[in-house]
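Dear colleague,

Please find the structure below, followed by a short account of what was found in it.

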Number of protein chains: 2
Amino acid sequence: MVDFRYAQLCPVARACELLASRWTLLIVRDLFAGPLRFSDLQRALPGISTSVLAERLAHLEQRGVVERRELPPPAASSVYALTETGRALRPALIELVRWGARFMGASRPDDHLEPRWVPMGLEAMARRGPSPARSVEVRVRTGHEPLVLRVLGGPTGTRVCHEPGPADAVLEAEPRALLALAAGLLTADQAVAAGQALIQGDPAALGDFSGLFEMNLQPSDPTP
Amino acid sequence: MVDFRYAQLCPVARACELLASRWTLLIVRDLFAGPLRFSDLQRALPGISTSVLAERLAHLEQRGVVERRELPPPAASSVYALTETGRALRPALIELVRWGARFMGASRPDDHLEPRWVPMGLEAMARRGPSPARSVEVRVRTGHEPLVLRVLGGPTGTRVCHEPGPADAVLEAEPRALLALAAGLLTADQAVAAGQALIQGDPAALGDFSGLFEMNLQPSDPTP
DNA sequence: CTGCATCCGCTTCGATACTG
DNA sequence: CAGTATCGAAGCGGATGCAG
């Protein structure tokens with residue numbers, strides 16, 4: 001794949017030359033939540049081989065999408081981070097999440113789910129039209145410290161914000177449960193009953209939680 | 001590639017399973033301008049092999065992104081068209097065009113350019129903030145009938161519209177020249193002088209043409 | 001002519017083993 | 001921890017064949 005080129009004068013073709021090989025866009029997605037080490041990426045991408053990961057990172061670095069940073073002495077290691085050009089992919093990635101979300105219905109229960117994917121998932125599925133004027137602090141369970149964000153509804157749409165602040169209610173839940181809640185496949189009460197969530201604060205705000213998002217699941221797999 | 005799956009519960013991974021193989025997204029891009037026959041696609045995708053094109057189309061059809069339509073008797077042929085699910089990719093594709101456009105600076109002059117790519121390109125590069133209150137009818141030269149669209153500036157951004165209507169000026173040009181004009185790499189007068197364009201109407205509107213678009217070219221290839 | 005299927009030589013992928 | 005080396009398997013591009 002070394003330096004494959006489509007013989008096309010087209011921005012989509014240029015983007016595909018950089019991104020449309022196996023694993024590549026998933027590496028970029030993982031780096032959107034912050035810099036990662038080689039082995040962190042390997043863990044987050046079950047099935048990738050070391051050689052392919054090394055090759056993808058080298059190419060993304062060469063093309064200016066990713067940069068390598070050496071950490072200061074105590075941590076004798078280096079991390080990979082998105083460059084400005086890489087971060088500019090955010091709108092495209094958000095739209096791809098919105099599109100790909102319709103295929104999440106056919107859930108494959110053994111699939112891996114990184115907690116760090118949840119914030120971008122919620123941001124992508126945030127309702128763009130008027131949504132309930134509620135604010136919910138969402139705490140994504142990670143096994144260690146939860147990821148904290150706030151989901152804010154309003155007349156101009158739902159926003160997802162990473163800074164702390166006041167909220168009508170707090171919802172702490174497993175990554176899977178959060179996605180199901182946002183998709184409206186589950187209610188907060190059901191998630192609590194199943195031990196996948198803890199809630200505090202205004203029950204009405206939590207009842208409106210799925211109203212803060214929009215999701216268009218595919219009816220079902222067309223040909224199984 | 002037959003039915004490769006990432007073991008990830010993530011919309012980006014689901015989308016990549018469908019789209020992130022070589023040629024696949026370019027097929028979708030070409031179908032956005034309307035249904036095409038197998039051989040039309042082959043012509044628009046120089047370098048693709050017949051077997052890969054057939055396989056990609058079969059997969060896209062199976063996954064519900066593309067559908068095959070049999071044309072009525074006189075034309076004993078069939079065409080491929082996007083389904084509703086396929087058309088839902090438009091926002092993602094637009095954002096990918098915006099991102100990929102920054103790599104168009106390193107122009108490879110022998111690259112193929114389909115006139116049908118131009119409308120989506122202009123739509124993607126349309127300025128999103130306030131733009132000059134001008135309307136320009138754009139006629140993309142194709143070798144046969146030109147593709148006609150209108151570019152409309154205004155305080156809420158530039159819109160690209162496919163219906164005919166009044167315009168301050170008319171700009172008929174080669175596909176390459178149109179992209180260069182939108183990118184601000186060329187002025188209308190220069191394009192005319194080079195025989196790549198014809199203009200009519202308000203010269204001021206044409207002078208503002210590149211102001212209707214925004215493009216952020218990469219400074220240069222980071223490592224050649 | 002259109003829409004593939006088949007075969008061949010080359011590239012890429014995934015899994016494992018190994019090294020600084 | 002962060003890769004490189006290696007090898008069988010799968011994918012790809014190009015040519016050819018062939019049915020409708």
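Which residue of chain A comes closest to the rotation axis? A20(A) does, with its C-alpha at 2.3 Å. This is a predicted model, in which local features need pLDDT of at least 70 and side-chain atom pairs count only at pLDDT 80 or more, while totals for chains, interfaces and linings use all residues. Residues are numbered from 1 along each chain as its sequence is written, chains are lettered from A and ligands numbered from 1 in the order in which they are written, and side-chain values use heavy atoms, with hydrogens and water left out.

A turn of 180° and a shift of 0.0 Å along the axis lay chain A on chain B with an RMSD of 0.0 Å (least squares on the C-alpha atoms of residues with pLDDT of at least 70 in both). This is the relation of a two-fold axis. The copies meet through the same surface, because 100% of the interface residues of chain A are also interface residues in chain B.

Within chain A, 5 strands (DSSP runs of E, at least two residues, numbered from the N terminus) form an open, mixed sheet in the order 5-4-3-6-7. Its edges are strand 5 (159-161) and strand 7 (197-201), each pairing on one side only (pairing requires at least two DSSP bridges). Strand 3 (residues 135-140) and strand 4 (residues 147-152) of chain A pair in the antiparallel sense over 6 bridges. In this pair, R139(A) stands opposite V148(A) of strand 4.

Yours sincerely

Key:
Helices (H or I, at least four residues) and strands (E, at least two) are DSSP runs, numbered from the N terminus. Contact means heavy atoms within 4.5 Å.
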